[in-house]
Amino acid sequence: MSERFTRAAARNIFYGGSAFFFITFVALTAHSHLYMRSTSTDMARLTDSVTRGKHVWERNACINCHTILGEGAYFAPELGNVWDRYGGNEDREAARAALIAWMQSQPSGVPGRRQMPQFHLGDQDLNDLIDFLEWTSKVKTQGWPPNKAG
Amino acid sequence: MKYATQRVAYWYFAGAMLLFFVQVLFGALGGTVYVLPNFLAELVPFNILRMIHTNALIVWTLMAFFGAAYYLIPEETEREIESVPLAYIQLGLLMFGALAAVVGYLFGIHEGREFLEQPLWIKIAIVVVALIFLYNVSITVMKGRKTAVTNVLLLGLWGTALFWLFAFYNPSNLALDKLYWWYVVHIWVEGVWELVMASVLAFLMIKMTGVDREVIEKWLYAIAGLSLFSGLLGTGHHYYWIGAPGYWQWIGSIFSTLEVAPFFAMVIFTFTMVWRGRRDHPNQAAMLWSLGCTVGAFFGAGVWGFMHTLSFINYYTHGTQVTAAHGHLSYFGAYVMLNLAMISYTMPYLRNRQPYNQVLNMWSFWLMTSAMAFMTFTLTFAGVVQVHLQRVMGMTYMEVQDQLALFYWMRLGAGLVVGLAALLFLYAIFGPAKEERPGYLARAAAEPAE
């Protein structure tokens, strides 16, 4: 590096530039926050049961096997679109019943197949969780995932 | 050791290495479940294994950062640490919190957001730990000599603490939750921790190469600048598919491509300094880890990150084994290797010895890095196959996973070698110290000085 690019110059560029990019980042996040509330998610349908369902999701650490909107562990299927995959957009009651039956039948015990634990969820928890997954499936995600497989 | 209080670092490194062992052990267990799914399924399910694997990693990284800071700040500021008792209280609290978290996880006590699973009281304890630490080191720096190394290091550590506060914000709207979750996760690993990394590397270069501080500190500011200029808006590559506006696809693609720059600069920086220094530092193992760290970070974070960061590629690769491949090599290259470099460098001083067990340490280096590279290759191949079958052909997730078994077996093999290399490292560092300086140094010492 040339002599004109001194340590003091490098320091000033670092502090000034970092402040500029930080402020830009915070401003864009603020806009994204408003966009999420107004456009990409349905705040009106974010009911108490969806909120409770999110806590069921968290309490059982689902994300350490599954992904949701592509984030989490990669050990079990994507669940951001599981509602759609189970036909929830065509027949809500059938999808709900099928998802509940699936969770209640775990672990499958099939040798050589990944085992989902039995979480002993009550009816309330199960239904709240499904409400959360249904709500999540409606988030406008720029068209992701590419197909129903998730 | 020029300052008595640097001794604090020894216990931080010892604690960190204990958790390093826990991390690798649970990683190996998780890797085993991938190929033998019924293994431990009833006793400790996969989600708990993974939680312990990732949490132990994060905590030992922080613990080693604290240790590095306590070691280098006295030498940089030319004064003793403000309070040694506070430093030990801080370590005790962090270690207790970490072990309590691990035991709690085994009994299913946890919160439920990825990497932020610590129960609330442990999250609060981490804030207390951070406050004690920041008070202790900031006072030391304020009263002593201020250098670029301490400036950038403190900024990185203050940033780490401040962005941690977003861990307490958990909105019920999942999209908003994710928006701010990345304020902790991304801003840590691709923002403020890079400042810690650059400043620790600068310290190591000052000590080991003998190049003029003025030159090294200029590089340090340039690298730190590149990190934040690219890394802050680079967060956008996590905002593509979580309900955020479409402009993030442009911003994220462009700025996260630029995130390669600081890592490339670090490679050029360390190699140039070592070449210009022309000094044979006796601690060859520390030198190897330092240089290896920049190369590992460049490939793991830079190349493997760039591979799937452009939005039109990420549309297909998001949340597949490609992500897992990148995650493993980037964290290893950047932060694990950095900490092992610092530990290799400081331990002879902390134990009051000449550099010892160098050959064993370097064996550990080559075993660990080649096994991590192999693990990354297998996961990358698994990911590419997965992307094609699942995201392009539309096969179901579980059908696709059955096709990947071979890759998962090879990943497990690589993981076991990493475990072996980690044990070698621990023995080389904490085992009986034998004089094993490389032979050519002994020869040089035998010849009369010019």
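**Exercise 1. Is F39(B) buried, partly exposed or exposed, judged by its relative accessible area?**

Before solving it, a word on the model. This is a predicted model, in which local features need pLDDT of at least 70, side-chain atom pairs count only at pLDDT 80 or more, and totals for chains, interfaces and linings use all residues. Residues are numbered from 1 along each chain as its sequence is written, chains are lettered from A and ligands numbered from 1 in the order in which they are written, and side-chain values use heavy atoms, leaving out hydrogens and water.

*Solution.*
- Step 1: Find F39(B) in the loop between α1 (8–35) and α2 (46–77) of chain B. Helices here are DSSP runs (H or I, at least four residues), numbered from the N terminus.
- Step 2: Recall the classes: buried is under 20% relative accessible area, exposed is over 50%, and partly exposed lies in between (1.4 Å probe, protein chains only).
- Step 3: The relative accessible area of F39(B) is 31%, so this residue is partly exposed.
- Step 4: Look at its contacts (heavy atoms within 4.5 Å). Leaving aside residues up to four places away in sequence, F39(B) touches L29(B), T32(B) and V33(B).

**Exercise 2. Work out what S32(A) touches.**

*Solution.*
- Step 1: Go to helix α1 (residues 7–40) of chain A, where S32(A) lies.
- Step 2: Check its cover: with 0% relative accessibility, S32(A) is buried.
- Step 3: List the partners, not counting residues up to four places away in sequence: L179(B), P245(B), Y247(B) and W248(B).

**Exercise 3. Test the length of helix α8 of chain B and find what covers its buried residues.**

*Solution.*
- Step 1: The expected span is 1.5 Å times one less than the number of residues.
- Step 2: For the 12 residues of α8(B) (residues 247–258) this gives 16 Å; the end C-alpha atoms are 17 Å apart, which agrees.
- Step 3: Pick out the buried residues, W248(B), Q249(B), I251(B), G252(B), S253(B), F255(B) and S256(B).
- Step 4: Their cover includes α1 of chain A, together with α7 (213–234), α9 (260–277) and α11 (311–317) of chain B.

**Exercise 4. Decide how far α7(B) is enclosed, and check its span.**

*Solution.*
- Step 1: Its 22 residues should span 32 Å, and the end C-alpha atoms are 30 Å apart, which agrees.
- Step 2: Of those 22 residues, 18 are buried, so α7(B) is largely enclosed by the rest of the structure.

How values were computed:
Helix = DSSP H or I, 4+ residues; strand = E, 2+ residues; numbered from the N terminus.
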